[in-house]
Amino acid sequence: MTDLATHLANLDGHLARFRDTGILNLIDGKDVTGDDWFESRSPVDESLIARVALGTEATVDAAAKAAKAAFPAWAALPGDRRKAILHRIADLIEARAEEIALCECWDTGQAWRFMSKAALRGAGNFRFFADLAPGARDGKSLPTKDHLNVTSRHPIGPVGVITPWNTPFMLSTWKIAPALAAGCTVVHKPAEFSPLTARLLAEICHEAGLPPGVLNLVNGMGEGAGKALTEHPDIKAIAFVGESRTGSMIMKQGADTLKRVHFELGGKNPVIVFDDADLDRALDAVIFMIYSLNGERCTSSSRLLVQETIADRFHKMLVARVNKIRVGHPLDPATEVGPLIHKTHFDKVTSYIDIGQGEGATLAAGGIRVGDKGWFIRPTLFTNARSDMRIAQEEVFGPFLTSITFRDEEEALAIANGTAYGLTGYVWTSDLTRALRFGERLEAGMIWVNSENVRHLPTPFGGVKASGIGRDGGDWSFEFYMEQKNVAFALGHHKIQRLGA
Ligand code: NAD
């Protein structure tokens, strides 16, 4: 296993070129500097990674025009040609997986043990949608007595993809790959806290033969480049992953140009542990789904709902394990939790420690900073919480778990559904009938029974309530990136009314 020192040396080699040039935008296949720059710093020690070209309204305009100009040829390219290019992109991601993972860990604070696989999952996303590209335009034949209706799908046009800073590489591929497979061209605005791997992805796509203008990269702030992208008349749709309140701003910003929007937003996902569950497996899953990826994960189970008959026992097991989670340098292969992305996020997460204590919940583990450099905190657990507390209602988005006890199924359901969000739910029980009944009534887009979050790419991914609009995955992605067209052919001489005859 590669050690920390080797990882750091390899990372240094990869970052050297960015120290000279900065992280540039990529528009119409060409590097573009900005008039101004912003800085990207590592959450490990706040050292400068590189300066980043600041995209403005004018930069977005240039990128949108490039995407518009490239659209007709890309949309007309036969699906099997798009498929071949997307597979080449996946090949190059795999070839550079280590570089991508090292950069992602350093830029975001995510632990190597998870990021080393995230790059490969990004390649997997490209392969999955590459294989669907030849059939993307397929439609249905819907005959009636008098007409043959034939439907087909057409790429909607240039689209904007706006991504957050949590596992940014994997998430970007999850949005960009289906857009390209559908025949859309893209302007990508990555999160300002994590620009590094978006640049690598854009480079890889061009190296793999993606024509200029098909994928354009514009770095910048949400209220600058992000807003301009959502308002641009040439951009037909916005695929957005981020906070619920940003989603609502984007919907307003896109109103004048009638943007189609797809939102993957926040969550306050419950994991419900009934007293008949396999408690050892449930424990592993509860811990994994809130403390892996630093808890900076939309699908994390940030609310534990545990039946009161087993609560003491389960909490004891939980505290013992949480206290042993290894917090450390993200590039150390032994590390399980790395630093939070940025000071502003660290301040937000740690503010909930005061909030939880102020609300009268019990701080059962963690709640303290680790070291005095970088944004490390101990994995945190609050017990004795009530559902109406802020720590049980608001998305903290860190290694921060709130535990609430329940008496019976009805109460568990009321608590589980009692937030504004509805992204995922996790149910642990050995009673199959209860699992089916509970799953039916749980308000969430995705539910796992006796399992942690295990993705299967053809299944629909997305949330209800404040957690999102629309679904990704399989054909659902194409529904967003494509328009439906119906052509009706008359089969003979059906009666046409003869006005004025
Ligand atoms: P964020 O909403 O602050 O930012 C996301 C992106 O939106 C960034 O690129 C940002 O620059 C841009 N942005 C901000 N304001 C904008 C505006 N007015 N117009 C256009 N763009 C704007 O989110 P974040 O803090 O980067 O990410 C964390 C959030 O993302 C959490 O709420 C998390 O749950 C959510 N998330 C959801 C999913 C999902 O699938 N549901 C997946 C990952 C993350």
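This passage looks at an annotated residue and at the aromatic rings of a predicted model.

We may start with Glu-264, where UniProt, in an unreviewed entry, places the feature "active site". Glu-264 belongs to strand β11, which covers residues 260–264. With a relative accessibility of 5%, Glu-264 counts as buried, because buried means under 20% relative accessible area. Beyond its neighbours within four places in sequence, the residues in contact with Glu-264 are Trp-174, Lys-175, Phe-240, Val-241, Gly-242, Phe-461, Ser-467 and Asp-472. One of these contacts, Lys-175, also has a polar contact with Glu-264, in which the two side chains are joined at 2.8 Å.

Two of the aromatic residues in contact with Glu-264, Trp-174 and Phe-461, turn up again in an aromatic cluster. Together with Phe-128, Phe-129 and Phe-478, Trp-174 and Phe-461 form one such cluster. The annotated glutamate is thus in contact with members of this cluster.

Turning to ring pairs, the structure holds 14 aromatic pairs. In one of them, Phe-114 and Phe-288 meet edge-to-face, with 6.1 Å from centre to centre and 65 degrees between the planes. This pair links distant parts of the chain: Phe-114 is in helix α5 (residues 112–132), Phe-288 is in helix α10 (residues 279–291), and the two are 174 residues apart. Phe-288 has a relative accessibility of 32% and so counts as partly exposed, a class that lies between the 20% limit for buried and the 50% limit for exposed.

Another pair is made by Phe-382 and Phe-400, whose ring centres are 5.5 Å apart; their planes stand at 40 degrees, so this pair is tilted. The reason is that planes under 30 degrees apart count as stacked and those over 60 as edge-to-face, with the rest tilted. Phe-382 comes from strand β17 (residues 380–383) and Phe-400 from strand β18 (residues 400–406), so the pair ties together parts 18 residues apart in sequence. Both partners count as buried: Phe-382 has a relative accessibility of 0%, and Phe-400 has one of 1%.

Aromatic rings also meet charged side chains in this model. Arg-51 lies over the face of Trp-37, at 3.9 Å from the ring centre. Likewise, Arg-434 has its charged end over the ring of Phe-274, and the distance to the ring centre is 3.9 Å.

Terms used: Residues numbered from 1 in each chain as written. Predicted model: local features only at pLDDT ≥ 70, side-chain atom pairs only at ≥ 80, totals over all residues. Heavy atoms only, no water. UniProt positions renumbered as here; feature names shortened; annotations may be inferred. Helix = DSSP H or I, 4+ residues; strand = E, 2+ residues; numbered from the N terminus. Buried < 20%, exposed > 50% of the residue type's maximum accessible area, 1.4 Å probe, protein only. Contact = heavy atoms within 4.5 Å. Polar contact = N/O pair within 3.5 Å; in protein donor to acceptor, adjacent residues only side chain to side chain. Phe/Tyr/Trp six-rings, centres within 6.5 Å; stacked < 30°, edge-to-face > 60°. Lys NZ or Arg CZ within 6 Å of the ring centre and 35° of its normal.
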